[in-house]
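Q: Please take a close look at one part of this model, the place where the two chains meet. What holds there, in terms of area, residues, polar pairs and strands?

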Number of protein chains: 2
Amino acid sequence: MSDLLERLRERGWRMTSQRRVVAEVLDGDHVHYTADEVHARAALRLPEISRATVYNTLGELVALGEVTEVCTDGRARRYDPNAHRPHQHLVCSGCGTIRDVHPLGDPLADLPAAGRFGFTVSGVEVTYRGLCPACA
Amino acid sequence: MSDLLERLRERGWRMTSQRRVVAEVLDGDHVHYTADEVHARAALRLPEISRATVYNTLGELVALGEVTEVCTDGRARRYDPNAHRPHQHLVCSGCGTIRDVHPLGDPLADLPAAGRFGFTVSGVEVTYRGLCPACA
DNA sequence: TTGGATGCAAACATTTTGCATTAGC
DNA sequence: GCTAATGCAAAATGTTTGCATCCAA
């Protein structure tokens with residue numbers, strides 16, 4: 001399923017072989033690669049692709065709202081192509097595996113105006129921590 | 001203030017001038033410094049303190065459970081001395097300011113067993129995004 | 001006294017930048 | 001052809017490591 005590529009083409013995104021490969025690597029569910037992992041996978045199909053291009057492309061996809069950045073461990077940022085459907089993350093403290101989850105309720109509603117310090121709150125990220133079946 | 005220093009002494013933590021200064025820098029509310037900010041502030045009182053010592057000390061404080069790491073922007077990790085009272089974070093997308101907040105409800109209860117992929121869930125981090133009064 | 005803590009410098013990992021070349025539209 | 005995208009290499013940023021020295025208990 002190449003929803004991502006199709007959406008990008010419709011939006012008039014200038015298509016190059018590098019950008020196509022990056023978009024293909026990011027296509028799928030529960031995908032949360034680091035920039036370096038994206039580069040490695042892209043290089044399997046397009047050996048000459050450079051890291052700078054991967055970083056540029058990921059940055060653009062984030063700016064376009066087609067991919068979101070997630071920061072689960074203070075190390076490398078990860079890129080999540082599941083940007084159209086709101087969801088949260090479940091991270092294994094053992095092996096680092098990340099799964100998309102859909103909790104009930106609305107975390108935004110849980111933060112009363114009185115506790116917002118005058119901020120205009122626009123979004124919320126939730127990261128659940130635990131151990132996956134294999135690590136438990 | 002200085003609950004932190006006192007707790008550390010009680011726990012038999014070997015005290016040095018460097019560790020004391022780091023603990024003093026971290027003492028307070030809504031404190032979320034990067035390792036480098038801790039180093040800069042510590043160096044005002046103890047110019048010869050090294051970055052390595054600051055990193056070592058922060059790592060130990062985290063291991064002791066007296067400080068928690070927060071990762072709000074994919075760049076440097078930040079260190080939060082408010083580890084005894086559970087709370088979440090409100091981050092300004094403009095200037096990066098971070099405030100501790102205390103939402104209602106329990107996010108853990110919002111993730112039904114059926115959506116946990118067999119994980120043993122032990123904790124949750126919530127980051128609210130918005131604009132502070134000055135940036136709005 | 002002695003094991004653990006420190007400082008230094010170098011290595012390492014991740015991300016950004018400048019600029020000449022290339023290629024999509 | 002014009003403009004934007006690419007590749008390369010260097011730099012910027014953040015963190016870890018090895019090892020000789022120093023110091024709190």
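A: What follows goes through the interface of chain A and chain B, from totals to single residues. The model is predicted.

Start with the extent. Chain A brings 38 residues to the contact, and chain B brings 39 residues. Together they bury about 3,300 Å². Carbon and sulfur atoms account for 62% of that area. On the chain A side, three residues stand out: Phe117(A), Phe119(A) and Tyr128(A) give 20% of the area that chain A buries against chain B, more than any other three residues.

Next, the polar part. Between the chains, 14 residue pairs are in polar contact, counting pairs with both residues at pLDDT 80 or more. Two salt bridges cross the interface. One of them links Arg129(A) to Glu125(B), with 2.7 Å between the closest N and O atoms.

Now the elements. On the side of chain A that touches chain B, strands S4 (88-92), S5 (98-101) and S6 (120-131) of chain A each give two or more residues. S6(A) has the largest share, with 12 residues. Sorted by class, this side of chain A holds 21 nonpolar, nine polar and eight charged residues.

Last, the strand pairing. S6(A) runs antiparallel to strand S6 of chain B, residues 120-131, and 11 bridges join the two. Within this pairing, Gly123(A) has Arg129(B) as its bridge partner in S6(B). So much for the backbone side of the contact.

Methods. Residues are numbered from 1 along each chain as its sequence is written. Chains are lettered from A and ligands numbered from 1 in the order in which they are written. This is a predicted model: local features need pLDDT of at least 70, side-chain atom pairs count only at pLDDT 80 or more; totals for chains, interfaces and linings use all residues. Side-chain values use heavy atoms; hydrogens and water are left out. Contact means heavy atoms within 4.5 Å. Buried area is the accessible area (1.4 Å probe) that two parts lose on being put together, summed over both. A salt bridge is a side-chain nitrogen of Lys or Arg within 4 Å of a carboxyl oxygen of Asp or Glu. A polar contact is a pair of N or O atoms within 3.5 Å; within protein, one must be able to donate a hydrogen and the other to accept it, and residues adjacent in sequence count only if both atoms are side-chain atoms. Helices (H or I, at least four residues) and strands (E, at least two) are DSSP runs, numbered from the N terminus. Ala, Val, Leu, Ile, Met, Phe, Trp, Tyr, Cys and Pro count as nonpolar, Asp, Glu, Lys and Arg as charged, and the others, Gly among them, as polar. Two strands pair if DSSP finds at least two bridges between them.
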